[in-house]
Amino acid sequence: MNAPAALSERPSALHPTADAGFAVYVHWPFCLAKCPYCDFNSHVRLQPPDQARYIAAFRREIAHRAALAPGRTVSSIFFGGGTPSLMEGRTVEAILDAIGEYWAVDPNCEVSLEANPTSVEAGRFSDFRAAGVNRVSLGVQALNDADLKSLGRMHSAEEALAAVEIARRHFERYSFDLIYARSPAQTPALWRAELELAISHAAEHLSLYQLTIEPGTAFERLFRAGKLAIPDHEAGAALYETTQEITAKHGLPVYEISNHARPGAECRHNLVYWHYGEYAGVGPGAHGRLVTAEGRMAHSTEKRPEIWLERVEAEGHALVEDERLNEEAQGDEYLLMGLRLVEGIDPAVFRALAGRELNKSRVGSLIEQRLLMERTGGRLAATPDGALLLDALVADLAA
Ligand code: SF4
């Protein structure tokens with residue numbers, strides 16, 4: 001087969017972000033309880049799900065996506081949720097086997113699993129490790145018990161740190177999440193102390209999110225009723241600055257708006273999203289972006305777990321969205337993803353995706369306002385001020 005013929009059979013090889021990697025996202029949609037701030041596709045069930053039935057359905061959706069995107073080499077697999085640490089080790093193993101059956105898997109593939117740091121779930125870490133997971137991301141969220149309680153979490157700070165220690169023993173790589181700006185009582189000094197405690201337990205990676213009030217959550221109802229207070233914009237900005245200062249001081253600088261890592265320890269899975277690579281999403285409510293002969297396609301699946309299961313059993317997949325992204329949409333998505341990164345975006349890649357240049361006068365004006373800055377190689381990145389206004393910055397640049 002000559003080279004042009006090979007390329008024409010693989011439209012993804014010609015896509016402007018073809019070198020960003022190929023990832024598989026697996027969504028496990030069940031949790032033991034619904035956290036009041038959470039707007040993820042997570043469901044609480046009285047009876048535990050039939051994992052054997054879910055394994056069979058995941059296999060079928062993986063086969064379906066592999067038929068749409070054959071010949072890829074998987075660089076990252078991520079089990080997210082919901083609470084994937086409620087999966088049995090054999091379920092994780094069977095899904096990894098199915099992925100390996102339908103695609104080549106890079107020997108250095110990052111295989112991440114989100115886990116809640118209860119003692120029960122930490123007890124499964126050796127099963128997950130044996131199944132092939134090599135990185136866990138722990139939903140610690142806070143390191144004081146009063147705040148954990150108000151966030152609706154089911155673990156204590158002590159239990160969380162014990163789970164971090166178990167993760168450290170089982171996995172080459174681990175990360176944990178914390179939520180800040182979670183109450184007006186959280187001062188920069190308190191957050192600094194908590195963050196330093198976290199860093200003393202975080203080998204290489206931390207995800208640090210500001211609490212946001214999401215539509216449809218219990219927190220939104222409390223907030224609207226005046227029963228929940230959160231820090232105002234200025235207080236939130238002060239906590240954000242503390243976050244940047246402390247993580248940089250301890251060698252885990254920000255590399256994405258909410259993510260901090262020692263150099264080389266960045267989450268490879270999320271980098272595929274932020275570099276606008278290809279990813280297959282399987283499971284209830286999963287999203288994907290695959291390049292097929294039709295173009296770059298946006299996929300998403302049925303969110304309700306039982307309906308997803310029935311549809312996959314009947315049709316081999318449960319896609320509810322299968323839409324070609326035009327040039328403008330691809331350019332917008334590239335900006336939205338890439339400007340989250342400290343390294344920023346490449347205007348030449350934007351041009352190749354969007355079919356037009358970025359508006360030079362808008363770029364100049366945003367640089368003048370110190371919201372955008374030029375990096376080496378002509379890349380454009382949000383400044384720290386721009387990162388605080390990222391949605392507006394992206395909208396301005398995309399217009
Ligand atoms: S455990 Fe995670 S996914 Fe489940 S409800 Fe809480 S925040 Fe949402």
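How many salt bridges does the rule find across the interface of domain 1 and domain 2? Let's take the tour and find out.

**Before you click.** This is a predicted model, where local features need pLDDT of at least 70 and side-chain atom pairs count only at pLDDT 80 or more, while totals for chains, interfaces and linings use all residues. Residues are numbered from 1 along each chain as its sequence is written, and side-chain values use heavy atoms, leaving out hydrogens and water.

**Stop 1: colour by confidence.** The chain's average pLDDT (the predictor's confidence in each residue, from 0 to 100) is 94, and 97% of the residues score at least 70. Now select residues 1-8: here the pLDDT is below 50. Where pLDDT is low, don't read the predicted coordinates in detail.

**Stop 2: the two domains.** Select 9-273 for domain 1 and 345-399 for domain 2; these bounds come from an automatic or database domain assignment. Their C-alpha centres sit 28 Å apart.

**Stop 3: where they meet.** Six residues of domain 1 are in contact (heavy atoms within 4.5 Å) with seven residues of domain 2. Together the domains bury about 570 Å², meaning accessible area (1.4 Å probe) lost on being put together, summed over both. Carbon and sulfur atoms carry 84% of it. Select Pro16, Tyr240 and Ile257: in domain 1 they lose the most area to domain 2, together 63% of what that side buries.

**Stop 4: back to the question.** The rule finds zero salt bridges across this interface, counting a side-chain nitrogen of Lys or Arg within 4 Å of a carboxyl oxygen of Asp or Glu.

How values were computed: Buried area = accessible area lost by both parts, 1.4 Å probe.
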